[in-house]
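Me: Could you take a close look at one strand and what sits around it, then walk me outward from there? Cut-offs included, please.

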Amino acid sequence: MTARSVCIGLLVVLGMSIGMTLTACGEDEPVQIGSLMEFTGELSEFGTLMDQGVMLAATHVNEAGGVLGGRQIEVVSEDAGTTDITAVDAARKLVDVDSVSAIVGPLRSSHTQAVARAVTIDGEVPLMSPSATSPTITVLDDNNFVFRTAPSDAFQGVVLAKLAYNDLGYRSAGALYINDAYGQGLADQFEASFTALGGQVVTVPHEAEQPSYASELAQATANDPDVLIAISFPVSAGVYIREAIESGAADTFLFVDGSKSNDLIDAVGAEHLEGMYGTAPEALENEDRAQFDGDYMAAYNNDLSLPFIRESYDAAVIFALAAEAAGSSDPTAIRDSIRAVSAPPGEEVGPGVEEIQRALELLRDGREINYQGASGPVDVDENGDVTGAMGIWKIVNGELVTERIVTE
């Protein structure tokens, strides 16, 4: 039963006054935000932690007094599963049954585009992915309903190429990439950037979760490249990296955000991956990041070395602040206020209960704000994108360790 049907029932059965009905059915009801992550499949390692980021954002907003006169933020979490179809079905439930005002997610670029086209654009519900990085999302015909808090792979591909060619001295590369919008976009950008620097690369697509990748691996390593790049998700990458090591096809690897995984290290064996590098969106090291990290560890005490947890928190906070700025939980009103709270001009505010409370008070006083996220500045541009920063990380003693952060 939807909130609207509950309100109609109260009006008919109880005969309440119009004013009391509006209060009971609108002003006191929670503002519902969907969290559309992956709790099963290859990306479940990421999805669970990212959902915790959304939950922490709701907790902080609620401890700061809530929005729109004290309404609480309520998170409705759904599993996007492993296919576009399951993601679309989950999104339909969030929009049609739960009547959410906005959706954080999905996790994958392909899911994000499928959900946007099938559900949220026509349904006029803003969607903000914390992890969909395909460059194709920038040009999606979305009627201004699709946003993200992670930078596009148009940036990561350049950083990956510079890391490989300039820093590590690789002149040839083979790359296996997941055959979807994410993998294709990142592989294409890496190839363009790496070859522009003078390198040679062979890129080979693969499907998800195959029992063997011997054929694809043979194609990617036919010319005995200096490095094999895993532009894949953890389960698939774990299979073909083990095959590469066992067959002698490759023993030097380079990773990306989708393969930045503790599960992958466990599957392959830390001794085989010691000293290997990768790239992934990363938060700037500042007070805002430190505030979030302390709050997250206090609440969940989970691994913050995996990507997109901070970006998930930021997306939910932006939605809450946009609702306050709009004076409404209406999805379109929230959409129209996203840039007003996340980009200059305005007084800078950060993550955490105290800062969110200050942000809400400023908005109630008619002041402008510029939310500085746990993941870094989240200045949403005309395409719904943010710039962000990229981390260069390394596997050290079986741990994922950020070595440095680059912004260009």
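Reply: Here is a walk that begins at strand S6 and moves on to other parts of the chain.

A bit of bookkeeping: this is a predicted model, where local features need pLDDT of at least 70, side-chain atom pairs count only at pLDDT 80 or more, and totals for chains, interfaces and linings use all residues. Residues are numbered from 1 along each chain as its sequence is written, and side-chain values use heavy atoms, with hydrogens and water left out.

Helices (H or I, at least four residues) and strands (E, at least two) are DSSP runs, numbered from the N terminus. Strand S6 covers residues 172-178. Because 7 of the 7 residues of S6 are buried, the strand is largely enclosed by the rest of the structure; buried means under 20% relative accessible area, exposed over 50%, and partly exposed in between, with a 1.4 Å probe and protein chains only. Ser172, Gly174, Leu176 and Ile178 point one way from S6, while Ala173, Ala175 and Tyr177 point the other way.

Now the partners of S6. Two strands pair if DSSP finds at least two bridges between them. Strand S7 (residues 200-206) runs parallel to S6 and is joined to it by 7 bridges. Along that pairing, Ala175 stands opposite Thr203, and Tyr177 stands opposite Pro205. To get from S6 to S7, the chain passes through helix H7 (residues 181-197), and this β-α-β crossover is right-handed: with the strands pointing away from the viewer, the path from the first strand over the helix to the second runs clockwise. Strand S8 (residues 227-231) is also parallel to S6, with 5 bridges between them; there, Ala173 has Val227 as its bridge partner.

From S8, a contact leads on to a loop. Ser259 lies between strand S9 (253-255) and helix H10 (262-268). Leaving aside neighbours within four places in sequence, Ser259 is in contact (heavy atoms within 4.5 Å) with Ala230, Ser232, Leu264 and Trp393. Ser259 counts as buried because its relative accessibility is 2%.

Another loop residue, Ala283, sits between strand S10 (277-281) and helix H12 (287-299). Ala283 counts as buried at 2% relative accessibility. Not counting residues up to four places away in sequence, Ala283 touches Arg289, Arg310, Ala374, Ser375 and Ile405. The C-alpha atoms of Ala283 and Ala389 are 6.4 Å apart, although 106 residues separate them along the chain.

Then there's the open sheet of 3 strands, ordered S11-S12-S13 with mixed pairing. Its edge strands, S11 (347-349) and S13 (376-377), each pair on one side only. S11 runs parallel to S12 (residues 369-373), with 3 bridges joining them, and Val349 has Tyr371 as its bridge partner in S12. Helix H15 (residues 353-364) packs on this sheet, touching S11 and S12, and its direction makes about 150 degrees with that of S11. For that angle, axes are lines fitted to C-alpha atoms, for helices over the stretch in contact, and angles run from 0 to 180 degrees between N-to-C directions.

Last stop: helix H14 (residues 331-342). Its buried residues include Ile334, Ile338 and Val341, and the elements covering its buried residues include S12 and H15, along with S4 (127-129), S5 (146-148) and H13 (309-326). At the start of H14, a side-chain oxygen of Asp330 comes to within 3.1 Å of the backbone nitrogen of Thr332.

Technical notes:
Polar contact = N/O pair within 3.5 Å; in protein donor to acceptor, adjacent residues only side chain to side chain.
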